[in-house]
Amino acid sequence: MTTFQEIFKPMQLGAYKVGHRIIMAPLTRCRADKNHNPTDLMTEYYSQRTSAALIVSEATMVMKNCSAFGGTDPGIYSQEQILGWKKITDAVHAKGGKIFMQLWHGGRACHPLLNNGHECVSASAIAIEGDTHTPQGKVPYTVPRALELKEIPQIIEGFKIASKNAKNAGFDGVEVHGANGYLLDQFLRDSSNKRTDSYGGTIANRAKLLLEVTKSVIDVWGADKVGVRLSPLNSFNSMKDSNPLELTAYVCRELSNLNIAYLHMMRADFLGLQNGDVMSVARESFKGILIGNMGFTPSEANTAIQKGLIDAVAFGHHYVSNPDLVERIKNGTTIVEPDQSTYYSQGAAGYTDYPLRNSK
Ligand SMILES: Cc1cc2nc3c(=O)[nH]c(=O)nc-3n(C[C@H](O)[C@H](O)[C@H](O)COP(=O)(O)O)c2cc1C
């Protein structure tokens, strides 16, 4: 029997009863084609990981011309993409898995060289510091154009259409990507949002776009098939907020009122610059299922679930290299470390060739 009994207790995750509490975190792997269509290799990759209680797909572009990852990040705005994803969801379902799509707009992380020359947009005209990767090599991020007030309904509508497309592609639900310094997070945090209209200034104003997008997605799916991901402390993509805990409390309370299936909270900072206990704030302010992520070990997650600090855990980098992570945790066998050099490379190496050793 496993030593991690709490992790292996069934739970109700929105509309779905799941047999345990191990979630596969969203992982961008850049194995789509140049038209942002899902590939057969992606079908194989996701179908290897179906023992997760829930797979959250890699960040997926809700509309055209918002690529932020070398031009081979997938989209969900064309018929071809819907059909490509349908193969993936069919393969996942055939093996008894569940999969939500992570709905994503990169905002100022997008680059004209990746997007047919289209300028990137954001809350305000403030660039990410440093360089991004393009087919022409590393280039500085560009200064985004601040979205005009009259353009914001188009963004909300873009998420709504993408949600409908995800439904047609056979997903079990969707996760709104409000984390990691992409468009919705760029509105949330005050280092990137200097707007003086109704989408800037107060926390309530900055949270408005995320909440409006979430509501529009709920219109399509129902609240019990919608999750939201946040990373209030993550500095990645030049992000910071002057009061991350208050921001977290407000957003969590509002999301709680929407009765979403889950809140997916990244508790730390990729760069280790910002600290704070966002998990406790989330637990207090959000009444539904709370998924904790970032740096958890199975043992820590088991204890956190036992203490009621979180309800479930999402693993990121270990899902790169352990397609059978659930079985490994259950059997107490070795968890393999990933080869970071193949995170965003092409082909099967470091993608579908990690061995399934413990699939009994
Ligand atoms: C290769 C790679 C790709 C990632 N892609 C995404 C993504 O598409 N969307 C997202 O929200 N987070 C993404 N993340 C963050 C992970 O979901 C997760 O939050 C992070 O790895 C921390 O969890 P861990 O400590 O269990 O690895 C990515 C992380 C890695 C390593």
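Visitor: How do the residues of the shell around the ligand divide into nonpolar, polar and charged?

Guide: They divide into nine nonpolar, nine polar and two charged. Ala, Val, Leu, Ile, Met, Phe, Trp, Tyr, Cys and Pro count as nonpolar, Asp, Glu, Lys and Arg as charged, and the others, Gly among them, as polar. This is a predicted model, where local features need pLDDT of at least 70 and side-chain atom pairs pLDDT 80 or more, while totals for chains, interfaces and linings use all residues. Residues are numbered from 1 along each chain as its sequence is written.

Visitor: What makes a residue one of those that surround the ligand?

Guide: Its C-beta atom, placed from the backbone, must lie within 6 Å of the ligand. The ligand is surrounded by 20 residues, and the closest are Ala 25, Pro 26, Thr 28, Ala 59 and Gly 316.

Visitor: Why is Leu 83 called partly exposed?

Guide: A residue is buried with 20 or more other C-beta atoms within 10 Å of its own, exposed with 12 or fewer, and partly exposed in between. Leu 83 has 13 such neighbours, so Leu 83 counts as partly exposed.

Visitor: Which helix holds Leu 83?

Guide: Leu 83 lies in helix H2, residues 79-94. A helix here is a DSSP run (H or I, at least four residues), numbered from the N terminus.

Visitor: Which handedness does the crossing of H3 and H5 have, left or right?

Guide: The crossing is right-handed. That term applies if the near helix is turned clockwise from the far one by less than a right angle, and left-handed if anticlockwise.

Methods. Helix = DSSP H or I, 4+ residues; strand = E, 2+ residues; numbered from the N terminus.
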